[in-house]
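Subject: A structure for you to look at

Hello,

Here is the structure I promised to pass on to you. Please open it alongside this message and follow along as you read.

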Amino acid sequence: FAVATVAQTPGQPSVELNHVYVTLQKDTIDSIAKSAFISEQFSMFEQKTVKTVSESWTGTYLMGWRGYLELFASGGSEGLTDGSSGIGFSASRLGSGGAIKRKLDSLPGEKTLSDLSTKVEGKDRIPWFDSIRLQSLDKGAFSAWLMDFRSDYIKFRKIELTKDGLFDRHGYNAYRY
């Protein structure tokens with residue numbers, strides 16, 4: 001997955017595409033999972049269940065160098081039905097989610113939601129990311145949110161930041177390659 005770069009306004013936090021998800025019929029997901037082209041040529045491929053302290057979801061993941069496509073069957077994540085989709089963005093500089101939330105708070109007629117997602121890995125509970133989103137785009141047929149990853153998780157997973165100290169999906173995915 002290629003990521004476009006845009007000239008940045010001074011002081012404006014940098015945001016990039018993290019992933020896209022879509023909810024498909026189970027037989028479509030099964031066909032994708034059985035495809036030799038998908039798993040051997042198109043991308044890194046895995047099916048897994050992700051757990052946080054408050055929820056879990058099961059998906060099929062097509063992993064790119066700098067992003068990924070997350071596929072759900074209906075019910076693979078709470079409340080998702082066929083056709084549900086969303087876009088997850090990530091803050092490039094850890095901790096810049098507060099500045100992004102303040103920008104979103106200034107939108108007329110909108111309410112900004114924010115909460116901490118804590119990842120469960122075995123017996124470990126690690127602060128994973130702050131999820132920042134507009135209430136109007138929260139858990140509907142289409143959703144969008146920003147993931148501001150926590151430094152505790154970056155250290156736990158031994159994710160390398162860029163030479164400029166920025167988070168990117170390439171560093172997050174590096175162990176897969």
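Below is what turned up, going from the cores to the surface and then to the charged pairs.

Before you start, please keep in mind that this is a predicted model.

**The cores**

A good place to begin is the largest nonpolar core, which has 19 residues. Within this core, Trp57, Tyr61, Trp128, Phe149 and Tyr172 touch the most other members. Two or more residues come from each of strand S3 (56–63), strand S4 (68–73), strand S7 (124–134), strand S8 (142–149) and helix H4 (151–157). There is also a second, separate core of 5 residues, and Ile29, Ile32, Ile38 and Leu71 are among them. As general background, nonpolar side chains in soluble globular proteins tend to be buried together.

Phe149 is a handy residue to click on. Setting aside neighbours within four places in sequence, Phe149 is in contact with Asn18, Ser90, Leu94, Trp128, Phe129, Ile154, Phe167, Arg169 and Tyr172.

From there you can step to Phe167, one of those contacts of Phe149. Phe167 sits in the loop between H4 and H5. Is Phe167 buried or exposed? Its relative accessibility is 1%, so Phe167 counts as buried. With neighbours within four places in sequence again left out, the residues in contact with Phe167 are Glu16, Asn18, Ser90, Ala91, Ser92, Leu94, Phe149, Ile154, Leu161 and Tyr172. If you would like a distance to check in your viewer, the C-alpha atoms of Phe167 and Leu104 are separated by 21 Å, and these two residues are 63 apart along the chain.

**On the surface**

Now turn to the outside. Met44, Trp65 and Tyr177 form a nonpolar surface patch, and together they have about 310 Å² of accessible area. Tyr177 belongs to the segment after helix H5 (169–173), and with 43% relative accessibility it counts as partly exposed.

Lys158 is another residue to look at. Like Phe167, which lies in the loop between H4 and H5, Lys158 is found in the loop between H4 and H5. Lys158 is exposed, at 71% relative accessible area. Its phi is positive, about 60°, although Lys158 is not a glycine.

**The charged pairs**

How many salt bridges does a search of the whole structure find? The search gives 8. In general terms, side chains of opposite charge can pair when their charged atoms come close. Here are some of the pairs.

- Asp30 and Lys26: their side chains meet in a salt bridge at 3.1 Å, N to O. Both residues lie in helix H1 (residues 26–34), 4 residues apart, which is about one turn of the helix. Asp30 is partly exposed, with a relative accessible area of 28%, while Lys26 counts as exposed at 53%.
- Arg66 and Asp168: this salt bridge is 3.0 Å, N to O. Arg66 is in the loop between S3 and S4 and Asp168 in the loop between H4 and H5, so the pair ties together parts 102 residues apart in sequence. Arg66 is partly exposed at 32% relative accessible area, whereas Asp168 counts as buried at 11%.
- Asp115 and Arg133: these side chains meet in a salt bridge at 2.8 Å, N to O. Asp115 lies in strand S6 (residues 112–121) and Arg133 in strand S7, so the pair ties together parts that are 18 residues apart in sequence. Asp115 counts as partly exposed at 35% relative accessibility, but Arg133 is buried, with a relative accessible area of 11%.

Asp115 and Arg133 also belong to one network with Asp138, joined by salt bridges that share partners. The side chain of Arg133 makes a polar contact of 2.7 Å with the side chain of Asp138. Which residues surround Arg133, leaving aside neighbours within four places in sequence? Arg133 is in contact with Lys111, Thr112, Leu113, Ser114, Asp115, Asp138, Ala144 and Trp145.

Ser131 is a last stop, also found in strand S7. Ser131 is buried, with a relative accessible area of 9%. Not counting residues up to four places away in sequence, Ser131 touches Leu113, Ser114, Asp115, Trp145 and Leu146.

Enjoy exploring!

Best wishes

Conventions:
Residues are numbered from 1 along each chain as its sequence is written. This is a predicted model: local features need pLDDT of at least 70, side-chain atom pairs count only at pLDDT 80 or more; totals for chains, interfaces and linings use all residues. Side-chain values use heavy atoms; hydrogens and water are left out. A nonpolar core is a set of buried Ala, Val, Leu, Ile, Met, Phe, Trp, Tyr and Cys residues joined through side-chain atoms within 4.5 Å. Buried means under 20% relative accessible area, exposed over 50%, partly exposed in between (1.4 Å probe, protein chains only). Contact means heavy atoms within 4.5 Å. Patches are made of residues with over 30% relative accessible area and no salt bridge: like charges are joined within 9 Å, nonpolar side chains (Val, Leu, Ile, Met, Phe, Trp, Tyr) within 5 Å. Accessible areas come from the Shrake-Rupley method with a 1.4 Å probe; for residues, only the protein chains shown count as cover. A salt bridge is a side-chain nitrogen of Lys or Arg within 4 Å of a carboxyl oxygen of Asp or Glu. A polar contact is a pair of N or O atoms within 3.5 Å; within protein, one must be able to donate a hydrogen and the other to accept it, and residues adjacent in sequence count only if both atoms are side-chain atoms.
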